[in-house]
Amino acid sequence: MRRVRYESTGGPLFLEEVPAPAPGPGELLVRTEAIGITLPVVRKVTEAAEPIPLGGEIAGGVVAIGHGVTRFHAGERVTGLCFGHGYADFAVLQEAMASPIPASASAVDAVALVRSGLVALGALDAARPEPGEAALVTAAASGVGHLAVQLAKARGAGRVVGAVSDSAKADFVRALGADEVITYDRLDRAGWGEPVDYVLDAVGGELLTPAVGALVPGGRLVAYSSGGGTIQAYDLLVGAKSVIGFQMARIARGKPELYERWRQELWRLFAEGALKPSVHGEFALADAAEAHKVIESRSNLGKVVLRP
């Protein structure tokens, strides 16, 4: 089979021919039909001290199962998070991380919706939204952010503001249901505008402090990015504001019932037409480096996908 790999920090990425893996206990072997590119994996390629397997979201058909697997069988279509080599014709998926794909959805729909949607929905739940509240979503055109805008609306937000890096993304974010769209450079001129009740932040860094400043007294910011950043305790105290960290892996490992409930909600909203994942582009496996460049440039509108 073909697999994408690299040998040193920063790449380059290259294709190699290797034997297909065998599923171990509790694992599925999946013939991949779509592979989602995520910012954390792109960052690890450019920043990690040692090369890592290129994993992430995969979707496809089960071709073999390991000992002890009870929920799936060969021939089923599944999606899930692969912790090993996922940029490949075949990938191993832990049964606990796998989810069936409804007949009405494609493999591309699945990788665009499930993992990114779980992060978006989990971050939204962590914000404890009340109907009618105003929300601010940073990186609103990203794979997670474009779903977070739609989910905030579906959960009853009275006003959703999408924050983006480039005004060229504004029409895309408005089409998702955002009531307002602002660009990050507005911070230097007029700030974020009217205060919001909660912020779903995927950017961090220099935007973290102004994002806290955009909150009403008692407002909540949920940070789910790996962008870092520092907040002064005084900025929280004077407005009785909260900052909440959200990590999807903690839910997947420690609260499987909640994880499954969120997955079911995502598929329900998809079936009802209330949640529409968008794909920026589909790339061949041999063009994984080009797909990574799109994510690095932050130019994508929705999800970036590899198609073996």
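**Exercise 1. The open sheet**

Determine the strand order of the open sheet of 6 strands in this predicted model, and establish which strands stand at its edges.

*Solution.*
Step 1. Reading across the sheet, the order is β10-β9-β8-β11-β12-β13, and the pairing is parallel.
Step 2. Two strands have a single partner strand each, namely β10 (180-183) and β13 (242-245). These two therefore stand at the edges, and one side of each is left without a neighbour in the sheet.
Step 3. From one strand to the next, the twist averages 20°.

**Exercise 2. One strand pair and the helix on the sheet**

Describe how β11 pairs with β12, and identify the strands that α2 touches.

*Solution.*
Step 1. β11 comprises residues 196-201 and β12 residues 215-223; 5 bridges join them in the parallel sense.
Step 2. Within this region, Leu-221 of β12 has Val-199 opposite.
Step 3. The helix α2 packs on the sheet and touches β11, β12 and β13. Between the direction of α2 and that of β11 the angle is about 145°.

**Exercise 3. The largest pocket**

Characterise the largest pocket by its volume, its lining and the elements that contribute to that lining.

*Solution.*
Step 1. The space in the largest pocket amounts to about 1,400 Å³.
Step 2. Its lining consists of 48 residues; nearest the centre lie Thr-38, Leu-39, Pro-40, Val-41 and Tyr-224.
Step 3. Two or more lining residues come from each of α1 (39-47), β4 (56-65), β5 (77-82), α2 (107-126), α7 (248-254) and β15 (303-307). The largest share, 5 residues, belongs to α1.
Step 4. Sorted by class, the lining holds 27 nonpolar, 13 polar and 8 charged residues.

**Exercise 4. The second largest pocket**

State which strand gives the largest share of the lining of the second largest pocket, and how the lining residues divide by class.

*Solution.*
Step 1. This pocket holds about 160 Å³ of space.
Step 2. Among its 15 lining residues, Pro-21, Cys-82, Gly-84, His-85 and Val-92 lie nearest the centre.
Step 3. Strand β6 (residues 90-94) gives the largest share of the lining, with 5 residues.
Step 4. The lining divides into 10 nonpolar, 3 polar and 2 charged residues.

**Exercise 5. The cavity**

Find how many cavities of 30 Å³ or more the whole structure contains, and describe the lining of the largest cavity.

*Solution.*
Step 1. The search of the whole structure returns 1 cavity at the cut-off of 30 Å³ or more. The volume of the largest cavity is about 70 Å³.
Step 2. The lining comprises 14 residues, and those nearest the centre are Thr-79, Gly-80, Leu-81, Val-114 and Arg-115.
Step 3. At least two lining residues are supplied by each of β4, β5, α2 and α8 (256-272). The helix α2 gives the most, with 5 residues.
Step 4. The classes are 8 nonpolar, 3 polar and 3 charged.
Step 5. Taken with the earlier exercises, α2 packs on the sheet, gives two or more residues to the lining of the largest pocket and gives the most to the lining of the largest cavity.

**Exercise 6. The chain as a whole**

Compare the radius of gyration of the protein chain with that of a compact globule of 308 residues.

*Solution.*
Step 1. The secondary structure of the chain comprises 9 helices and 15 strands.
Step 2. The C-alpha trace spans about 60 × 40 × 35 Å along its principal axes.
Step 3. For 308 residues, a compact globule would have a radius of gyration near 19 Å. The protein chain has 19 Å, so the value agrees with that of a compact globule.

Technical notes: Residues are numbered from 1 along each chain as its sequence is written. This is a predicted model: local features need pLDDT of at least 70, side-chain atom pairs count only at pLDDT 80 or more; totals for chains, interfaces and linings use all residues. Side-chain values use heavy atoms; hydrogens and water are left out. On a 1 Å grid over the protein atoms alone, a cavity is a set of points where a 1.4 Å probe fits but cannot get out, and a pocket is an open set with protein on both sides within 12 Å along at least five of seven lines; lining residues have an atom within 4 Å of a point. Grid points are joined across faces, edges and corners, and a volume is the space filled by probe spheres set on the points. Helices (H or I, at least four residues) and strands (E, at least two) are DSSP runs, numbered from the N terminus. Ala, Val, Leu, Ile, Met, Phe, Trp, Tyr, Cys and Pro count as nonpolar, Asp, Glu, Lys and Arg as charged, and the others, Gly among them, as polar. Two strands pair if DSSP finds at least two bridges between them. Axes are lines fitted to C-alpha atoms, for helices over the stretch in contact, and angles run from 0 to 180 degrees between N-to-C directions. Contact means heavy atoms within 4.5 Å. The radius of gyration is taken over C-alpha atoms; the globule rule is 2.2 Å times the number of residues to the power 0.38.
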